[in-house]
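Welcome! Let us walk through this structure together, one part at a time.

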Amino acid sequence: MKKVIISILSLAMTAYMAVPAFADNTADVQGKYKAGAESPVTIFADITWEDMTFNYTEGEKTWNPETHQVDQADGKWNSDTKAITVTNHSNVGIMAKFAFAPNGEIEGSFTKDSTPTDQLALDTIKNLEEGSAAPSDTMNFGITNGTISENGKLGTITVYIAPNDGNNYVFMETELTEAAEKGGSFKLANDLYINDRIIISKGNFEIDLNGKSINCSGGFDLRDAIHKISNGTINSIGSNECLMSSYYGNTIVDSCKLTSSTYYAVYVCLGSTATVKDSTLTGLSYSYGAAIADGENAVLTFVGSNIINGNVKVRGGGKVVFSGN
């Protein structure tokens, strides 16, 4: 009985092995490409300085026999200029801006190739042939006026760096004041401290804070036209609000953090409007609060998702509208 079963199994296996293989026994392995994110803008620059020591020669002294006094001629600075070299290692073109803050009545000036200027534009190495040196350029600085009676510090040079991307960058308080006077669209290049009140009334004004902060003792007074402030932080550390919309102005605050230590973060008055979108307002003073709409036709509107830390007040016929979260 066992032999018969073995024989049958053997025949079955032989028959199975004799069947030809018609199935496909290969498979292509595929790869699917997905582009990665672009490298973020990276600013990296080397700044090298020549020795910033300038020589001042006191004027010649002569005895005046008629006045019985010593007459002294004007002193003078040596005519040498000192080089400041900027080398761009960034993945974008950059703009270097130079500023001199003098001590006392000292005056200095910047030149490039003997032409007065305070800016250098440098390309990115990505736009050069492989093996090229990083883009580099030189600014020259000299002392042009003022006197000294002993050795000492003449002032401080600051070099500001920003992407050369076509935006009108603001580096200093004086530039922000000038921008406010003429109106237009601007971008903040670095954190700022504003000592004076910035009054903007000449035309539409827009500033992208670019993720930076403004600490102010005077705050902004936005008048007459449409003004927009976005993407950053304003801290009022004086006795004024961060932003005032007044004299029939229309102010837009978008994606900002506004904090006032002694007054309102936003003050709307004199027939003006203000729209606050996706922002955080904080009023640290119990007497005042985060915001106020003060007076007839003063309208304060909140849209989107806002965080309000402190009171929102209405006074004298003003109006507050909440739309969103």
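Helices and strands here are DSSP runs, numbered from the N terminus, and a strand is a run of at least two residues marked E. Keep in mind that this is a predicted model.

With that in hand, look for β20 (226-236) and β21 (243-246): Glu-241 sits in the loop between these strands. Is Glu-241 buried or exposed? Buried means under 20% relative accessible area, so Glu-241, at 2% relative accessibility, counts as buried. Its neighbours beyond four places away in sequence include Gly-218, Phe-220, Ser-236 and Tyr-263. Arg-197 also touches Glu-241, and the side chains of Glu-241 and Arg-197 make a polar contact at 2.5 Å.

Now turn to a sheet. Five strands form an open sheet with antiparallel pairing, and their order is β1-β6-β11-β8-β9. At the edges stand β1 (45-49) and β9 (115-116); each has a single partner strand, so one side of each is left without a neighbour in the sheet.

Let us step across part of this sheet. Strand β6 (residues 82-88) pairs with β11 (residues 136-145) over six bridges, and there Thr-85 stands opposite Thr-138 in β11. β11 also pairs with β8 (residues 107-112), in the antiparallel sense and over five bridges; here Phe-110 has Phe-141 of β11 as its bridge partner.

The last step goes from β8 to β9, which pair over two bridges, with Lys-112 opposite Thr-115 in β9. The hairpin of β8 and β9 has two residues between the strands, and Asp-113 in this hairpin takes a positive phi near 55 degrees.

Note on methods. Residues numbered from 1 in each chain as written. Predicted model: local features only at pLDDT ≥ 70, side-chain atom pairs only at ≥ 80, totals over all residues. Heavy atoms only, no water. Helix = DSSP H or I, 4+ residues; strand = E, 2+ residues; numbered from the N terminus. Buried < 20%, exposed > 50% of the residue type's maximum accessible area, 1.4 Å probe, protein only. Polar contact = N/O pair within 3.5 Å; in protein donor to acceptor, adjacent residues only side chain to side chain. Contact = heavy atoms within 4.5 Å. Pairing = 2+ DSSP bridges.
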